[in-house]
There are 2 protein chains.
Amino acid sequence: MTNSPSDRLGEFEAIATLFAPLAAKAPGALGLTDDAAVLALPPEQELVVTVDALVESVHFLRGDPPDAVAKKSLRVNLSDLAAKGATPHAYLLSLSLAPWVDNAWLAAFARGLGEDQERYGITLIGGDTTSTPGPLTLSVTAMGAVPRGKMLKRSGAQAGDLVFVSGTIGDAGGGLAVLKGEAANDAGLIDRYRLPQPRSELGPKLLGFASASLDVSDGLIADLGHIAQTSGVRIAVDAARVPLSDAYRKIIGEDDAAIIRAATAGDDYEIAFTAPASAGGTIASLGFPVTEIGRVESGAAVVLIGRDGKPLTVVKGGWTHF
Amino acid sequence: MTNSPSDRLGEFEAIATLFAPLAAKAPGALGLTDDAAVLALPPEQELVVTVDALVESVHFLRGDPPDAVAKKSLRVNLSDLAAKGATPHAYLLSLSLAPWVDNAWLAAFARGLGEDQERYGITLIGGDTTSTPGPLTLSVTAMGAVPRGKMLKRSGAQAGDLVFVSGTIGDAGGGLAVLKGEAANDAGLIDRYRLPQPRSELGPKLLGFASASLDVSDGLIADLGHIAQTSGVRIAVDAARVPLSDAYRKIIGEDDAAIIRAATAGDDYEIAFTAPASAGGTIASLGFPVTEIGRVESGAAVVLIGRDGKPLTVVKGGWTHF
């Protein structure tokens, strides 16, 4: 064992007092008193499983509010589930505690998990707590349910489909620019950077008509590139249709450079998806902010079409206009 | 991102070249090209899920062979699945790579995973790769299948049941003593310490008659204590029946002190379970080394009965004879 605050709760105490209450609603979690959890699904459903790790000083900072770290660790996974059309079900938490982590941090962290469990309808069913001499490291394995054979994949986009994205793009990148002192202050943009807002309600509603789907974490263009590659298609995005928030327009701008910045910034945690043109009416009736931004064509790669009709072409490490 | 060897494979390359081949047999892994995996189970089965993290300098050392680190990370989870009666099915790997990890390490690590996938019939279905400025940290989420409602739990032991353990106890502790220079050299004991040998074949055979079960990782007495606590019973273990290997007897001894050491050392990764006395014949016919070591009684806690008929009673941090 490594050094840790001498009064920090031991593994068993931390589980019993802080984490077991988070598992109370899942009978298969067995109160976190067993070696494993057990999980049954109705026969018409299957399980969607994803894992994401967060590392102190890479994905968050030591001084970040513990409840926000907890929520971020859940939400990056919830965003993956949403984009796959899955309804959140359960998660496991692997926690490697740095020496500086004390009981107050752990309690606030568990409180954050509890708040998001209520918000997103997901329950802790298992985990592991270890010590580490290094940075605090969290790994969340999240599980959701979809009807059998219906999970939305990156593959499946076909020439003729339209391309859509939920919400607005670039806000998290704008928030990072604010934090770096590169842009005027805006609390809303900073919030978007600090805490993902996964589209958990929208995702399952896309089942049945979206042909390909993923969440926007690497950047709109890079992530659409994953769809293009996996589906074997070309995707053309109209720069002018990339949805920018009023705050982004005000703080960062709305010219081509600002659009490119938004479309390559990442951390948006919106859903980008493709669907046949015939689905347009259904999508409009969903009651969620979804914007049509482009089309699927034969070919390869993603191209961003500028307002002047000329393509913006990707180069290593960024985008250039030519 | 943190510093890492400049020629180290990026996340996408590492996934494509080293890890995707490990997922080739699982259609639901989608070649590791999607955001999540999808998993279906026959309706008569349910999923058993467990997670364990390994941290460099806490659970293994930087200089340990990478294939052994890979195998240990899988096997500690496979041991949990076995003790629950589950047949291995799939796993997810969350990998936080330290700056010192290079391509050769990654390749040997992936090779180790591949070897154990073959050996234990389990397949990679997803994961996450991040960088860390700190120690290499691995978290494995393993999933197995059991018939619905049949998972072996820590609860369920009843007064009148007998207590059994597979294999031999104390060898891993003996191996650690060798490595610390506290005992004469013995390669077999060191092997038992370095690499768990999960009882994946035995575990599912216990379904239907074991009343409670877990794997021995904290130490035989401590782990039986978990069964006693969760089941609300007292467990009496006869010290003379604790199965010691010939190597352990030779290197560490076989007196009361040696037995106590074996029963409290941990890292055995054997299965300790309880079963009605009527199951004795079935257990003997399984064809696995299983020893009857004690009985379940009314009451609480675990007591180790010495060869002289007197109980050895637990004290904080160890055991004392009185």
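Select Q45(A) and then P147(A): P147(A), in strand β5(A), is the bridge partner of Q45(A). The model is a predicted one, in which local features need pLDDT of at least 70 and side-chain atom pairs count only at pLDDT 80 or more, while totals for chains, interfaces and linings use all residues; side-chain values use heavy atoms, with hydrogens and water left out. Residues are numbered from 1 along each chain as its sequence is written, and chains are lettered from A and ligands numbered from 1 in the order in which they are written. Helices (H or I, at least four residues) and strands (E, at least two) are DSSP runs, numbered from the N terminus.

**Strand β5 of chain A**

Now select residues 137–147 of chain A, which are β5(A). Ten of its eleven residues are buried, so the strand is largely enclosed by the rest of the structure. Buried means under 20% relative accessible area, exposed over 50%, and partly exposed in between (1.4 Å probe, protein chains only).

Add strand β2 of chain A, residues 45–55: eleven bridges join it to β5(A), and the two run antiparallel. Then add β3 of chain A, residues 87–97, which is joined to β5(A) by nine bridges, also antiparallel. Two strands pair if DSSP finds at least two bridges between them. Along β3(A), find L95(A), which stands opposite L138(A) in β5(A).

**Helix α4 of chain A**

Select residues 171–179 of chain A. Is this helix, α4(A), mostly covered or mostly open? Seven of its nine residues are buried, so α4(A) is mostly covered. Among the buried residues are D171(A), A172(A) and V178(A). The buried residues pack against α5 (187–194), α8 (246–251) and α9 (256–265) of chain A. After α4(A) comes G181(A), with a positive phi near 80 degrees.

**A sheet with strands from chains A and B**

Show β1(A) together with β2(B), β5(B), β3(B) and β4(B). These five strands form an open sheet in the order β1(A)-β2(B)-β5(B)-β3(B)-β4(B), with mixed pairing. Its edge strands, each pairing on one side only, are β1 (37–39) of chain A and β4 (123–131) of chain B. On average, neighbouring strands are turned by 20 degrees against each other, direction ignored.

Zoom in on β3 of chain B, residues 87–97, which pairs with β4(B) in the parallel sense over eight bridges. There, S96(B) has T130(B) of β4(B) as its bridge partner.

**Two helices on the sheet**

Helix α2(B) packs on the sheet, touching β2 (45–55), β3 and β5 (137–147) of chain B, and its direction makes about 140 degrees with that of β2(B). Helix α3(B) lies across β3, β4 and β5 of chain B, at about 170 degrees to β3(B). Contact means heavy atoms within 4.5 Å.

Select α2 (residues 66–83) and α3 (residues 103–120) of chain B together: they pack at an angle of about 40 degrees, with their axes 7 Å apart. That makes α2(B) oblique to α3(B). Axes are lines fitted to C-alpha atoms, for helices over the stretch in contact, and angles run from 0 to 180 degrees between N-to-C directions. Angles under 35 degrees count as roughly parallel, over 145 as roughly antiparallel, 65 to 115 as roughly perpendicular and the rest as oblique.

**Last stop: α4 and α5 of chain B**

Select residues 171–179 and 187–194 of chain B. Helices α4(B) and α5(B) pack at about 110 degrees, with their axes 7 Å apart. They are therefore roughly perpendicular to each other. The residues in contact include L176(B) of α4(B) and Y193(B) of α5(B).
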